[in-house]
Amino acid sequence: MNDLTPLLTAEAMRAADAHTIDTIGIPGRVLMETAGQHAARYVASTYGPLRGRLVRIACGKGNNGGDGLVVARALLDRGARVEVWSPITPSGYSGDAGGNATVLMQLSDAYGDALTWTTVREPSDVPAPTHAPPAVCVDALLGTGLDDAPREPIAALICDLNETAAPTVALDVPSGLNSDTGQAHQPTVQAEATVTFGAAKIGLHRNDGPSHAGLVETARIGIPQHVLHERAHGPGAALGTTDAYVRNQVPERGRDAHKYNVGMALVVGGSPPYTGAPMMAAQAAARSGAGYVACAVPASIRDTVAGYAPALPVHALPDAPEAVPDALHGPLDKARALLIGPGLAPEAAPVVHALLDAFDGPVVLDAGALPALRDRLGAENGASERWILTPHMGEFARLCAAGAESGDIDSDVDTRDRVRQAQTHAARWNVTLLLKGYPSVVAEPGGRTLAGMAGDPALATAGTGDVLAGLIAGLAAQGLAPVDAAACAMHLGGRAAERFAATNNAHALSPTDIIDHLPATL
């Protein structure tokens with residue numbers, strides 16, 4: 001479990017803080033001190049040496065501002081000149097932040113003119129730009145829990161940070177960014193880096209988050225890891241994939257391994273316009289480590305598909321859908337996982353239903369297979385927890401709209417909140433649901449949710465979904481649970497794209513490049 005990275009909502013983070021303070025007994029002042037000291041070390045090591053150089057720290061009146069006051073004291077001790085800009089005076093702070101304001105003021109004589117405090121009650125109080133900008137700025141204005149656009153004078157302070165030539169390091173979350181949804185309000189700090197405390201906030205990795213947060217550094221501040229992982233199972237929160245997690249999931253082969261006990265996957269798909277889709281999926285399944293991968297495609301394209309990869313057997317689907325299970329009896333009986341959908345035509349829905357009724361192992365349902373599910377999702381005994389659905393957001397919205405027509409669900413789908421949508425509908429439909437996007441998110445019916453933390457914009461090209469579906473099927477065939485097969489596939493595909501982009505123009509990536517880079521990635 002600790003191989004995964006907790007990605008918490010503001011509510012989950014507050015609960016973790018409260019448990020640590022109230023139940024475990026670590027004072028909030030200690031957590032704040034640890035957070036601020038870690039952030040100060042990051043600023044000094046990244047932008048230093050800072051001795052004699054100016055650092056501007058914009059501090060709000062809450063705990064995020066208290067973190068900033070710790071940073072101010074720590075950087076003064078390193079010889080920096082520090083100017084604090086705040087909407088209140090030092091005496092206006094309360095709680096743990098108030099304690100740090102008091103300490104800073106008690107030391108002000110020792111720091112002399114190295115420390116200045118500017119109270120910004122109105123936008124007009126923001127000092128005019130100087131010819132010597134600071135070496136670095138620190139955003140400690142708002143932190144987590146923001147729902148609306150920042151108000152004055154905080155908005156003016158954010159604008160000043162964005163207009164200053166110096167880089168900005170945000171504490172916990174860039175001010176103006178919703179830490180749950182990743183929505184950037186107007187204005188939002190444009191940070192070069194973000195030091196987030198305890199655990200990463202999920203909004204840093206969603207929607208506008210990555211473009212405003214910059215490089216994200218997670219600081220451990222004393223909250224036990226098991227507390228953070230427990231809170232990562234709550235609504236809207238998730239666990240981020242890591243290399244270590246994938247290494248521990250992918251099984252090793254024993255000396256007595258052969259192609260069938262290693263795991264067989266069967267890929268069913270294809271149509272005259274899309275002959276390559278099922279074969280790319282099959283090749284990805286084979287690269288994942290599955291011992292035997294076979295394809296089944298319409299008879300009209302069987303020879304074409306077979307020519308792509310002579311090592312993979314290709315079966316012809318009969319014209320009559322009801323005859324499909326008998327025609328594929330051999331591979332269906334041996335297969336440990338089934339993938340239906342890459343390149344499949346919509347009119348092949350009867351084939352989808354026939355296969356679902358005939359196969360009782362894990363089934364990946366992608367692309368052309370998804371429209372066939374509209375009448376089965378949400379219906380009693382209509383879906384199976386063995387199913388792994390892999391829609392992009394457009395396909396997902398269409399599935400939800402079909403459900404709304406039958407009265408099953410609300411057709412108003414918030415496409416910006418992929419995490420909660422995946423959790424809600426995985427439970428409602430009793431399936432493992434992978435919503436593709438940035439980041440891709442997979443949720444199982446019980447609520448466990450994993451977000452893909454690897455990837456590159458290069459993945460935004462046609463056919464990468466076929467490769468992802470094949471990877472899932474190949475990993476499921478090797479015995480991984482549906483949610484783990486989907487999460488590991490997300491991570492492997494993302495890492496393969498990163499490897500390609502490291503030495504090539506990312507815009508040139510094709511789906512087969514991901515397949516080619518899988519061996520080195522693994």
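**Strand β11 and its surroundings in the predicted model**

Strand β11 is covered on both of its faces, with Met 264, Leu 266 and Val 268 buried on one side and Ala 265 and Val 267 buried on the other. The structure described here is a predicted model. Because five of the five residues in β11 (residues 264-268) are buried, the strand is largely enclosed by the rest of the structure.

Two strands were examined as pairing partners of β11. Strand β12 (residues 292-298) runs parallel to β11 and is joined to it by five bridges. Within this pairing, Leu 266 of β11 stands opposite Ala 294 of β12. Strand β14 (residues 337-340) also runs parallel to β11, and four bridges connect the two. Here Val 268 has Ile 340 of β14 as its bridge partner. Leu 266 and Val 268, which take part in these contacts, belong to one side of β11, together with Met 264.

The connection from β11 to β12 involves a helix: β11, α11 and β12 form a β-α-β unit that is right-handed. Helix α11 comprises twelve residues (276-287), for which a rise of 1.5 Å a residue gives an expected span of 16 Å; the C-alpha atoms at its ends are 16 Å apart, in agreement with that value. Buried positions in α11 are Ala 277, Pro 278, Met 279, Met 280, Ala 281, Ala 282, Ala 284 and Ala 285. In an α-helix, residues three or four places apart point the same way, because there are 3.6 residues a turn. After α11 comes Gly 289, which has a positive phi near 115°.

Aromatic contacts were considered next. A search of the whole structure yields two aromatic pairs. One of them is formed by Tyr 93 and Trp 117 in an edge-to-face arrangement, with 6.1 Å from centre to centre and 85° between the planes. The edge-to-face assignment follows because an angle over 60 degrees between the planes is the criterion for that class. This pair links distant parts of the chain, since Tyr 93 is in the loop between β3 (81-86) and α4 (95-106), whereas Trp 117 is in strand β4 (residues 115-119), 24 residues apart. Tyr 93 and Trp 117 are both buried.

Backbone geometry was also analysed, beginning with cis peptide bonds. Gln 186 and Pro 187 are joined by a cis peptide bond whose omega is about 0°. Pro 187 is located in the loop between β6 (168-171) and β7 (193-197). A cis peptide bond likewise leads from Tyr 438 to Pro 439, where omega is near -10°. The loop between β17 (432-435) and β18 (441-443) contains Pro 439.

Positive phi values occur in residues other than glycine, including Asp 172, with phi near 75°, and Asn 207, with phi near 50°. Asp 172 is part of the loop between β6 and β7, the loop in which Pro 187 lies. Its relative accessibility is 10%, so Asp 172 counts as buried. Asn 207, by contrast, is placed in the loop between β8 (200-201) and α7 (209-213). With a relative accessibility of 27%, Asn 207 counts as partly exposed, because the buried class requires a value under 20% and the exposed class a value over 50%.

Notes:
Residues numbered from 1 in each chain as written. Predicted model: local features only at pLDDT ≥ 70, side-chain atom pairs only at ≥ 80, totals over all residues. Heavy atoms only, no water. Phe/Tyr/Trp six-rings, centres within 6.5 Å; stacked < 30°, edge-to-face > 60°. Buried < 20%, exposed > 50% of the residue type's maximum accessible area, 1.4 Å probe, protein only. Expected span 1.5 Å × (residues − 1). Pairing = 2+ DSSP bridges. Right-handed = clockwise from strand over helix to strand, strands pointing away.
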